Amino acid sequence: MIPTPGKTILREKLNESIASVIPIALIVALLCLSFVPVTTDLMLAFLLGTIMLVVGMGLFTLGVEASMTQIGNHTGARMTKSRKLWLILTLSFILGIAITVAEPDLQVLASNVPHINTTVLIITVSVGVGLFLVICMLRILLGVQLRWVLLACYILVFALASFSEADFLSVAFDSGGVTTGPMTVPFIMALGVGVASIRSDKNAEADSFGLVALCSVGPILAVMLLGFFYKMEDGVVASAVVQSYADTVELGSGYVRAIPHYMVEVATALAPIVGFFLLFQIFSLRLRKLPFLKIVIGLVYTYVGLGLVIFLTGVNVGFSSLGTILGARLAEKAAWMLVPVAMLMGWFIISAEPAVHVLNKQVEEISAGAVSEKAMGLSLSVAIALATGLAMVRVLTGISILWFIVPGYAAALAMSFFVPPIFTAIAFDSGGVASGPMTATFMLPFAMGACEAAGGNVMTDAFGLVSLVAMMPLITVQVMGAVYLIRSRRRQEVLDVTQLADNEIIELWEVAS
């Protein structure tokens, strides 16, 4: 009998996706029914898209846990057994590219960038992740401290940013935010834990942290470099191209016609990682029948995610489109409302992310209660609300993203020298947790629609929202680390931070059962 995911697990995943999507859907529905008029067909398309997004996210996350995480674990363990540096680095580069191509958040971002070819952007970002996954492996094997590698990387990022074109700058920083999504995070973290097992010193496991943080830098540099030689295309904001439907049958046909397109698109995106796994299974891994079938079924759930197919169809046909229209109508009718509405949405986006709740609980545990789960949750909600609010300020004023990113990362890097290393590792790896699917699928199109209606430049003023959302937890989590130090000193608690970092391995992608 072929093993299938239990009904309880599937129900949990669907409940998590409902918690992520419904708060935003309710806010949008209230706005559209009371203040911002939209056509009935567009609202109905949005509601259908919401349902598809809930189902798609649930099945997709279920499939990823059953397949991508297991592939990462097995691959990392097998690479370490070989103890061949060239093999570890080569496979890391190939896998970094393969897994990033299939990242749904990247697919959504690339489809919304009007002046860069979608395939070109996806390949550029994927190569950036692959190269920096190699750097991650070297850092783990050599035992280099994370703070120094991050410091060097961001000095390079901002030096290059001073010479980059404005049209590529915000897209570059957003690319770094969307790559740390539900597909890549469990996979590369599993690889890191496996490779760290080569070392026998006491800091080996702690050094497996930081992969997500460093892999976010690769796409930023790659897209900036792309801007030096890539000729921008003429294009329009993809999510703003909204079709009108005369009746419900025509609306249904619109969804049905879109599904085959995304089935091919998703199959193409998943093909590299599936091909690698099958070859790895035949020539090296040789898993037994039961675990092999579990991974295969997980891949089916990821694809039929209908995870990715349903997810991308719902996002592109109905969900993102209304986000664009809502942002545009709000900017035309009452531009002053953009900031508070975006902050309200930001507050609920972070509150609804299941992985954030896990993070909050784990921080409370490792701080022995000095930093409570409630305090962590409140700080993150405030941070993301501020991030989305600042993004709308940029939309309305056209302020360069560098005026926010440079001081933000400078503060985060400076704080890394004063807080326990475990908090720095959690902070930089948790930036991707905050910039989840809802940010790319709704908040970014919302900003793009508002920017166009306000007469701004979408490439320079709207893009950058994801990067702001990804940046804020770097500061707030380390602030919690500083609070922890102060409170622990007051209580005269003695804590061996090095031992703590060795023993506590926090897996941000896991969701509490």
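**Exercise 1. Placing Asn15**

Task: In this predicted model, find which helix holds Asn15, and decide whether Asn15 is buried, partly exposed or exposed.

Solution:
- Step 1. Look along helix α1, which covers residues 7-34; Asn15 is found there.
- Step 2. Take the relative accessible area of Asn15, which is 45%.
- Step 3. Buried means under 20% and exposed means over 50%. With 45%, Asn15 is therefore partly exposed.
- Step 4. Now pick out Val55, 40 residues from Asn15 along the chain. The C-alpha atoms of Asn15 and Val55 are separated by 9.7 Å.

**Exercise 2. Pro37 and its surroundings**

Task: Work out where Pro37 lies and which residues Pro37 touches, leaving aside those up to four places away in sequence.

Solution:
- Step 1. Move on to the loop between α1 and α2, where Pro37 lies.
- Step 2. The relative accessible area of Pro37 is 53%, so Pro37 counts as exposed.
- Step 3. Leaving out residues up to four places away in sequence, the partners of Pro37 are Cys32, Arg329 and Lys333.
- Step 4. Compare sequence and space for one of these partners: Arg329 is 292 residues from Pro37 in sequence, yet the two C-alpha atoms are 8.0 Å apart.
- Step 5. Lys333 has another role to spot: Lys333 lies over the face of Phe35, 4.7 Å from the ring centre.

**Exercise 3. A loop residue that is buried or exposed?**

Task: Ser67 and Arg286 both sit in loops. Decide for Ser67 and for Arg286 whether the residue is buried or exposed.

Solution:
- Step 1. Ser67 is in the loop between α2 (40-66) and α3 (68-82).
- Step 2. The relative accessibility of Ser67 is 0%, so Ser67 is buried.
- Step 3. Look at what Ser67 touches beyond four places in sequence: Ile295, Gly298, Leu299 and Thr302. Thr302 is 235 residues away in sequence, with 8.1 Å between the C-alpha atoms of Ser67 and Thr302.
- Step 4. Turn to Arg286, in the loop between α11 (248-285) and α12 (289-304). Its relative accessible area is 57%, so Arg286 is exposed.
- Step 5. Check the backbone of Arg286 too: phi is near 55°, a positive value in a residue other than glycine.

**Exercise 4. Two helix pairs**

Task: Describe how α3 packs with α11, and how α5 and α8 cross.

Solution:
- Step 1. Two packed helices are described by the angle between their axes and the distance between the axes.
- Step 2. For α3 and α11, the angle is about 45° and the axes are 12 Å apart. The two helices are therefore oblique to each other, and their crossing is left-handed.
- Step 3. Find the residues that meet: Met68, Ile71, His74, Thr75 and Arg78 from α3, with Leu270, Ile273, Phe276, Phe277, Phe280, Ser284 and Leu285 from α11.
- Step 4. For α5 (residues 104-112) and α8 (residues 166-178), the axes come within 9 Å and cross at roughly 160°. An angle over 145 degrees counts as roughly antiparallel, and α5 and α8 are therefore roughly antiparallel to each other.
- Step 5. This crossing of α5 and α8 is right-handed. Asp105, Leu106 and Leu109 of α5 make the contact with Asp174, Ser175 and Val178 of α8.
- Step 6. Zoom in on Ser175: with a relative accessible area of 0%, Ser175 is buried. Beyond four places in sequence, Ser175 touches Leu109, Leu121, Val125, Pro219 and Val223.

**Exercise 5. A pair of rings**

Task: Why is the pair Tyr154 and Tyr409 classed as it is, and which residues form one aromatic cluster with them?

Solution:
- Step 1. Rings pair if their centres lie within 6.5 Å; by this rule there are 10 aromatic pairs.
- Step 2. The ring centres of Tyr154 and Tyr409 are 4.5 Å apart and the planes are at 25°, so the pair is stacked.
- Step 3. The pair links distant parts of the chain, 255 residues apart: Tyr154 belongs to helix α7 (residues 146-161) and Tyr409 to helix α17 (residues 402-415).
- Step 4. Both Tyr154 and Tyr409 are buried. Together with Phe158 and Phe173, they form one aromatic cluster.

**Exercise 6. The whole protein**

Task: How many helices and strands are there, and what share of the residues counts as buried?

Solution:
- Step 1. The protein has 22 helices and 0 strands.
- Step 2. Of its 513 residues, 59% count as buried.
- Step 3. Take the contacts between residues at least 6 apart in sequence: 87% of them join residues at least 24 apart.

Methods
Residues are numbered from 1 along each chain as its sequence is written. This is a predicted model: local features need pLDDT of at least 70, side-chain atom pairs count only at pLDDT 80 or more; totals for chains, interfaces and linings use all residues. Side-chain values use heavy atoms; hydrogens and water are left out. Rings of Phe, Tyr and Trp (its six-membered ring) pair if their centres lie within 6.5 Å; planes under 30 degrees apart count as stacked, over 60 as edge-to-face and the rest as tilted. Helices (H or I, at least four residues) and strands (E, at least two) are DSSP runs, numbered from the N terminus. Buried means under 20% relative accessible area, exposed over 50%, partly exposed in between (1.4 Å probe, protein chains only). A charge sits over a ring if NZ of Lys or CZ of Arg is within 6 Å of the ring centre and within 35 degrees of the ring normal. Axes are lines fitted to C-alpha atoms, for helices over the stretch in contact, and angles run from 0 to 180 degrees between N-to-C directions. Angles under 35 degrees count as roughly parallel, over 145 as roughly antiparallel, 65 to 115 as roughly perpendicular and the rest as oblique. A crossing is left-handed if the near helix is turned anticlockwise from the far one by less than a right angle, and right-handed if clockwise. Contact means heavy atoms within 4.5 Å.
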